[in-house]
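Please open the model in your viewer with the cartoon representation switched on, and keep the residue selection panel within reach. The stops below go from one element to the next.

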Amino acid sequence: MDTKPDDQLLQDAATRAADYLRNIRDRRIAPTAEAVLRLGDLNHPFPQRGLDATAIIGLLDDIGSPATVATAGGRYFGLVIGGALPVTVAANWLATAWDQNACFRATSPIAATLEDVALGWLTGLFGLPQDTGGAFVTGASMANVAALAAARHAILSRHGWDVEAQGLYGAPELRIVVSDEVHVTVLKALSLLGLGRDRVIRVPTDAQGRMRADSLPYLDDRTILCLQAGNVNTGAFDPAAEICAVARKAGAWVHVDGAFGLWALASPAHAGLAAGFADADSWATDGHKWLNVPYDSGIVLVRKAGHLRAAMAATAVYHAQDTTDAREPAHYTPESSRRARGVEIWAALLNLGRDGLAELIGRTCRHAQRFAQGLREAGYEILNDVALNQVLVSFGTPEETRAVIGQIQADGVCWCGGTVWQGRTAMRISVSNWSTTDADVQLSIAAMLRAADQVVRTSRPGT
Ligand SMILES: *Cc1c(COP(=O)(O)O)cnc(C)c1O
């Protein structure tokens, strides 16, 4: 067996990756049907003898690259999907070569250090206390799980119950309050934590999907109240300042699902939208959405770090023990072995700086405004107040809107998905990619109007 590092192999992969990224703007967003069909070639029996590494990378590029969705380019506006800043792709490659286990300080001093540094920068950026605790997880879904586990611990321990040891059998009941617009991953987190996705008290929302502060239920010191910073349809923010003040007085724990919206705090021009969210007790956000680092990357933050640690720490005799005051990463995460996600977050923040990050947030929000303006001027209805990076547009009847979305997706210049917003069928435009340019927006608006024109002409002959 040859154990020498294969320089040629890594160079080959780097060349192929660079070619992929260079050409991404010239290809359709969704793969062609032929490219998807060719994936069948990968479905052969497990071979008796292994294939050479160079051939494997060739196969991956030849069959795999054409079957990707071009989310790394600037004209994918589905879901809330960011790209990856070049520095984060490069940092990810180097860190992959390191193959560090970010579990403990001892298994990777560099991973632990970059997490410490990035956590400090993030808490400062979001205006949280310097000693806020946190961890790097797979995404906002797992960040919601970790934060709500910390909340569950904090409340139950205050009531004399050790939930980590005893589970929820016989535990004091918790009240979980969410809005009608709660993200499904918060409900999933509640179900994983034994709190039940249907045993929640729902607060009605307004026309933009904001929790109505005048409709809050009774809150007490057994309540976990889940707020949202950035609605996936409208981009709207719950009125956090008002609600946090009420919750604090009642002794309730406030958790914020801020997968993308929390990043508004990084832009002075948009921070006002997220005013008051820093008053909460825990926050879940994503690196792989608006910060534009590679998948998978989420961040959990907890005001009183000890609650997260109490919910997550598990030690075995062969594990590294706490010997210093330094944060031991594994004691704050659901996972043990883990990749060094802090590397890319650190690299992105260092590369952008405060100004660059504010500019990235501002630029993508400006693009969203341009979309809204272009579509409105063409006579189509924008269904939301476009204050952030999300746009909802109707092209007419539900059938027409669905047909336009289908036509846009088939055309391939850009990609948008559909939604139903307060009973109205709409197309969602989410601008989250660092590399989207003014030209991309122009091209995409033109493609949308072309598709709409075609559909409306077919469905309303004679108009
Ligand atoms: C994307 C998103 C999530 C889930 O995040 P993942 O990174 O997919 O786990 C949760 N809440 C909101 C508001 C989101 O936009």
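Begin with the sheet of seven strands, which in this predicted model is open, has mixed pairing and follows the order 1-7-6-5-4-2-3. Select strand 1 (133-137) and strand 3 (200-203) next: these stand at the edges of the sheet with a single partner strand each, so that one side of each is left without a neighbour there. If you look along the sheet, neighbouring strands are turned against each other by 20° on average, direction ignored.

Stay at one edge and add strand 2 (residues 175-179), which runs parallel to strand 3 and is joined to it by four bridges. Within this pair, show V178, which stands opposite R202 of strand 3.

Now select helix 6 (residues 140-158), which lies across strand 1, strand 4 (223-228), strand 5 (253-257), strand 6 (282-286) and strand 7 (298-302), and which runs at about 180° to strand 5.

The last stop is helix 13 (residues 438-459), whose 22 residues, at 1.5 Å a residue, should span 32 Å, in agreement with the 31 Å that separate its end C-alpha atoms. Colour its buried residues, among them V441, I445, M448, A452 and V455, and turn the view until you look down the axis of helix 13: its buried residues fall within an arc of 165°, and therefore line one face of the helix. What do the buried residues of helix 13 pack against? Show helix 11 (342-377), helix 12 (398-411) and strand 11 (424-430), for these are the elements against which they pack.

Key: Residues are numbered from 1 along each chain as its sequence is written. This is a predicted model: local features need pLDDT of at least 70, side-chain atom pairs count only at pLDDT 80 or more; totals for chains, interfaces and linings use all residues. Side-chain values use heavy atoms; hydrogens and water are left out. Two strands pair if DSSP finds at least two bridges between them. Helices (H or I, at least four residues) and strands (E, at least two) are DSSP runs, numbered from the N terminus. Axes are lines fitted to C-alpha atoms, for helices over the stretch in contact, and angles run from 0 to 180 degrees between N-to-C directions. Contact means heavy atoms within 4.5 Å. The expected span of a helix is 1.5 Å times one less than its number of residues. Buried means under 20% relative accessible area, exposed over 50%, partly exposed in between (1.4 Å probe, protein chains only). The arc is that of the directions from the helix axis to the C-beta atoms.
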